[in-house]
Every structure is written in C-alpha cells, then in structure tokens.
Amino acid sequence: MSSLIKGFSKLSREEKIETLTQTYSLPEDFSERLAHYRHPSQQELFDDFSENTLSNFYLPFGVAPNFKIDDRWYVVPMVVEESSVVAAASRAAAFWAQNGGFKTTIHGTLKKGQIWFKWNGPITQIQKHIDTLKAILLKAVKPITENMEKRGGGVEAISIIPLEQKTSLYQLEVLFETADSMGANFINSCLEEMKNPLQDFFQSQETLKQHGHIDIIMAILSNYTTGCLVTAAVECPVSALKPFAADLSSEQFAEKFKLAVDIARLDPSRAVTHNKGIFNGTDAVVIATGNDFRAVEAAGHAWAAKDGQYRSLSQCHITDDKIFRLELTLPLALGTVGGLTRLHPLAKLAIEMLGNPSARELMSIAASAGLANNFSAVASLVTTGIQKGHMKLHLSNLLKTENASPEETAAAEQYFSNKTVSAKAVKDFLMHFRQQNKS
Ligand code: MEV
C-alpha cells in the first residue's frame, strides 16, 4: 500500500529506488531497467537537468537534409517520436529546395514580462510619474542587464497598463531584448528585482500613496511572445506541384490543398489537427536544439486563437497567374545560447550542425520545418491519405518486432504494398512465409 514519502528529493538515487520499490507496486526489474538506459560516462550531467532523475528517456535524434532557407542550406536536426515526421519534412524540404526554398521574415524579437499589482488609484496618476519610475527600475536592474547590454540586449521599454475588466489591477509591462538567448531566467530575474523598488516608489509618492497601498501580486515573463513573430513561406508555379499531386492534375491538387487549408482556418476541430501537423516539425527542431517546446506550443496556440476563434496558423493562396503560396506566421521565442542549448551534448551538436545560428536564424529554421511538415501532411491528406506513408513505417516496426530477416522484410514489403497492415496480418504473413521457406 502506498503512503506519503517524506524528504524523497534528499535521498540518493539508490535510496530513492529502494523507497519507491517498498512504497509502490513496481515491476520487479524496475532498478535494472532504469540502470540499462543510464549513460556510462556522462550521467551526472543528465541527472542535473532535472530533479529525482533515475534514468534517461531516449527519443530519436533524426535529421532532415536538403532544407534551403533564405538561400542557405541546412541539415535540420529533429527530435520526435512519431514515425513519418522526419520523412515528411525531408520530402518537402527536397521539393522546395528545387522550387525557390523557404523564405522567412522575422517581425521582431522582443520578449515581454509582467509585474501584476493591485492599487486603487487611477492610471493618470501613475502616468505623471512614469519617467521617474522607469529610471529607478532601470537602475535597480543594472547589475543584471549590464552583461546583456554588451550583447545587444537589455530592457527596451517599460509601461503601465490597467487590466480592463478590473480597474484596480495593473501590470507593469517590461519589454526585453535577449540577444541569442531565450532569456527566461534573465527576464524573470529582472522582474523580481523590480518588485521592491516598484513598491517603494508607490509608497514614497504622496500623490500615489493617498490612493492606498500597492499590493504586488506576481512578476513573471509572458510566454505569449507576440513580439517574436516569424513568417516562413514557400511559393511555386501551380504546375510545379505535380510530384505531390498523385492522380490529380497540378491545378486540382492546388485547389484541393487550398480548400483544406481554408477549412482549417474556419473550423477549430480541423485547425487543431492542422496546427498539430505544423508543430510536428517545429517542436522537433525546438526540442533538438534544447529549447522550451511547452512555451512555444502555448504561444503558438494562443496566437492561433488571437481573433477569438482558433484557426490554422498557415494560409494558402493561389494567384491569378497560377502561383501557389503557402505561408505560416507564428510566435517563436528561441535561443541558441544559454539554458540547455549548449549544456545538452546533443542540443549543442544540433546547434553546431545548423552552423551556430543566431536566435533569429533558428526562428526561421524552426518555422520552415513546421511549414515543411504542414505542406507534406496536407498534400497527403488531399491525395493518398496519410496512412499509406504511416503504414510503411508501421510495417517496418512490426517486422522488427517479429525479428524478420532481410529476406522476409523484402517479401513482406512487396506483399503489403497493396494490403492493409496490422500486427496480426504481419504475424500471419511471416508464419506462412516461414512455413513455405522451411528448408
Ligand atoms: C499527424 O501527426 C499530423 C497530421 O494529422 C496533420 C494534419 O492533419 O494536417 C497529419
């Protein structure tokens, strides 16, 4: 029977495992299985990335070559567990490399932090003091911002904004430039450092004090990083789309593709799946480079719902002179220094593979990977469906599970080229094949 474990985090790894085995009903070989996936020489490094680490969770580190983004060539690292995502990205990358490549625009790289407070006075009173307050707050964070300023970053703007619905709630909004780092720690440190001077300032000014006490509620960055927007786009003559059109003409394919994207703009249920297909590519790059995929996802989905309805993040256009264009705009706050980006050996390798890009360049790469996956997914959906591609990989996994030999694998691939793949069908096929080929 389970019971509350006290002081768990203070125990050694061995003690943790021992305590867990005594407290919960766990597999008998719990400890051995965990040990099996520990790193022989660098485990201490991985242990320190989190708390209560018992082992490592492996995910495939794959690559999609042939990405041409803003006229530069990349082999894009992708960490993703879903079969076919890397294949889909690679196929789209190779196609678009021969059709102009991905073109991107960075609309900004500002990040936002908020100090929320409760105060009963009017905004007009605070506005009178805003310049003095800004100077005090900037001075207070100078020891933290000094280094960032040398790298071209720092605090870019400070303003006070009332929360519309509740007039006694305000935010001190601070905009930051964080150069090539994602900057979460830097932003949060600055905000926390500003709390006391903000409070002291309100208490020291008679015109503010007369409206009562200021109560600081919290200080935290905003993951709604709309200051870090990136657009990635591809375009080509409709006639060039033939390799993806299957049995359709290029024109029919382009029209159907556009309708599919339009549906995702109009219907939230479809939009969520459509955007999930975009994040298949974007998240894979975000994870491979040691960035925060939860932050990127949260911002992306909020952006998708910015006009009150959740919509597709990408848009498709076909011009009168038959140019097909697919474009994607989303917020992507990424870093190429700091955090896990250079600490995790494979994140470091991923960043080096990309040629040590700036944070802006990484935004372009991650957005292009998202667009590549979106293009491949929708292209499959409006032609053959996605299961054909998925099932090929599924078949390969099932054959591996059944320990199929190379000869059996080749025969199975041929046999299932026009049949439905299932675990049972593969087992049956192998049984017959093995019986027939018994020597
Ligand atoms: C599967 O991981 C992603 C797709 O469902 C995306 C989409 O439907 O556009 C294929």
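The residues lining the second largest pocket divide into 12 nonpolar, 14 polar and 6 charged. In this predicted model, the space taken by the ligand is that second largest pocket. The protein covers much of the ligand there, and helix 9 gives the most to the shell around the ligand, with 6 residues. The largest pocket has a volume of about 1500 Å³, against about 730 Å³ for the second largest.

**Second largest pocket**

- The second largest pocket has a volume of about 730 Å³.
- It is lined by 32 residues, and those closest to its centre are A88, S376, A377, S380 and I386.
- Helix 4 (85–97), helix 9, helix 12 and helix 13 (387–401) are the elements that give two or more residues to this lining.
- Helix 12 provides the largest share of the lining of the second largest pocket, 8 residues.

**Shell around the ligand**

- Around the ligand are the residues E82, R270, T273, H274, K276, G277, N280, A377, L381 and I386.
- Two of these residues, A377 and I386, are also among the residues closest to the centre of the second largest pocket.
- Helix 9 (268–288) and helix 12 (359–381) each supply at least two residues of the shell.
- Helix 9 contributes 6 residues to the shell, the most of any element, whereas the largest share of the lining of the second largest pocket comes from helix 12.
- Sorted by class, the shell around the ligand holds 3 nonpolar, 4 polar and 3 charged residues.

**Polar contacts and cover of the ligand**

- The side chain of E82 has an N or O atom 2.6 Å from an oxygen atom of the ligand.
- For R270, the distance from an N or O atom of the side chain to an oxygen atom of the ligand is 2.7 Å.
- N280 has a side-chain N or O atom 2.9 Å from an oxygen atom of the ligand.
- On its own the ligand has 300 Å² of accessible area, and the protein covers 88% of this.

**Largest pocket**

- The volume of the largest pocket is about 1500 Å³.
- Its lining has 50 residues, of which F49, I287, G290, L340 and H344 are the closest to the centre.
- The elements giving two or more residues to the lining of the largest pocket are helix 6 (184–204), helix 9, helix 10 (293–304) and helix 11 (345–353).
- Helix 9 gives the most to this lining, with 7 residues.
- By class, the lining of the largest pocket consists of 24 nonpolar, 18 polar and 8 charged residues.

**Helix 9 across the sites**

- Helix 9 appears in the shell around the ligand, in the lining of the largest pocket and in the lining of the second largest pocket.

Definitions and conventions
Residues numbered from 1 in each chain as written. Predicted model: local features only at pLDDT ≥ 70, side-chain atom pairs only at ≥ 80, totals over all residues. Heavy atoms only, no water. Near = heavy atom within 4 Å. Polar contact = N/O pair within 3.5 Å; in protein donor to acceptor, adjacent residues only side chain to side chain. Areas by Shrake-Rupley, 256 points an atom, 1.4 Å probe, with all protein chains shown as cover. 1 Å grid on protein atoms, 1.4 Å probe; cavity = no way out; pocket = protein on both sides within 12 Å on 5 of 7 lines; lining within 4 Å. Sits in = over half its atoms within 2 Å of the grid points. Helix = DSSP H or I, 4+ residues; strand = E, 2+ residues; numbered from the N terminus. Nonpolar A, V, L, I, M, F, W, Y, C, P; charged D, E, K, R; others polar. Points joined across faces, edges and corners; volume = space filled by probe spheres on them.
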